[in-house]
Amino acid sequence: MPPIRASIASLSSELDEIASELHSARVKAAQPFAESIQSSVRGLEMPYAIFEVSVNDAPLSGTGSDGVTFRFSSTGRNPIDIAKCASGGEMSRIMLSLKEMMSRFSKMPTMIFDEIDTGVSGSVADKMGSMICEMGTKMQVFAITHLPQVAAKGSAHYLVEKHVGPDAKAVSTIRPVSGDERVLEVARMLSGSVLTPAAIANAKSLLGED
């Protein structure tokens, strides 16, 4: 056999072996991974949610010889491909559950959330805020949010503003807010442009400043 063909055959065999090892690792991790995500999602007010992972054969590529499918059902029946069934709010909860798992095992120093709470509100938002804060005990977390339930749980707050200058160019700025200004910004999230005494009182309650 010519040297080049022998080299190709050797590397091909090595590639197949690596793909096989990767397949075994995926199959071993699929069930505990799915159970962890499912448990976390159910804790975000989807008590009947099902999350499953299937590992299937696929053409060999840079990611191995597997195709991985995530199946989901919010009702506990007939889980299907998550891309075909999850709503915005459901996807937000699933993604946060995934990121929370990453915070426990990946040892990432920082994580940035850009409105990961989209599509949720009320008590679900409060629980998601608590989950994000728990992640903050293991790493640095930045959470960009429009939800007062989430914003109020932060240990430091920054206001992002956008202005249009004389040259018609939009400029974004960011600055820290604290004290009474922090209360007022959370109150604006609650009531909009018109601040009401009830919104301010509610903001103080969320911030633990009763």
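# Questions about a predicted model

Biologist: Which residues does Ile132 touch, leaving aside those up to four places away in sequence?

Modeller: Ile132 touches Leu96, Phe113, Ile116, Val141, Ala143 and Val150, where a contact means heavy atoms within 4.5 Å. Mind you, this is a predicted model: local features need pLDDT of at least 70, side-chain atom pairs count only at pLDDT 80 or more, and totals for chains, interfaces and linings use all residues. Residues are numbered from 1 along each chain as its sequence is written, and side-chain values use heavy atoms, leaving out hydrogens and water.

Biologist: What makes the largest nonpolar core a core, and which residues have the most contacts inside it?

Modeller: The name goes to a set of buried Ala, Val, Leu, Ile, Met, Phe, Trp, Tyr and Cys residues joined through side-chain atoms within 4.5 Å; buried is under 20% relative accessible area, exposed over 50% and partly exposed in between, with a 1.4 Å probe and protein chains only. This one has 15 residues, and Leu96, Phe113, Val120, Met128 and Ile132 have the most contacts inside it. Both β4 (110-114) and α4 supply at least two of its residues, with α4 giving the largest share, six. Another core lies apart from it, with 13 residues, including Ala34, Met46, Phe51 and Val53.

Biologist: How do you know how straight a reach α1 has from its first C-alpha to its last?

Modeller: Set it against the expected span, 1.5 Å times one less than the number of residues. Helix α1 (residues 3-42) has 40 residues; it reaches 57 Å, close to the 58 Å expected.

Biologist: Where is the kink in α1, and what is it called a kink for?

Modeller: At Ala30, shortly before Pro32, with a bend of about 35°. That's the angle between axes fitted to the seven residues ending there and the seven starting there. Ala30 is also buried, as are Ala19, Ala34, Ile37, Gln38, Ser40 and Val41 of α1. The buried residues of α1 pack against β1 (50-61), β2 (64-73), α3 (88-105) and α4 (122-135).

Biologist: How many helices and strands does the protein chain have?

Modeller: Seven helices and seven strands, counted as DSSP runs from the N terminus (helices H or I, at least four residues; strands E, at least two).

Biologist: Why call the protein chain spread out or compact?

Modeller: Its radius of gyration is 23 Å, well over the 17 Å that the globule rule gives for 210 residues, so the chain is more spread out than a compact globule. The radius is taken over C-alpha atoms, and the rule is 2.2 Å times the number of residues to the power 0.38. Along the principal axes, the C-alpha atoms fill a box of roughly 85 × 50 × 30 Å. Of the 210 residues, 29% count as buried.
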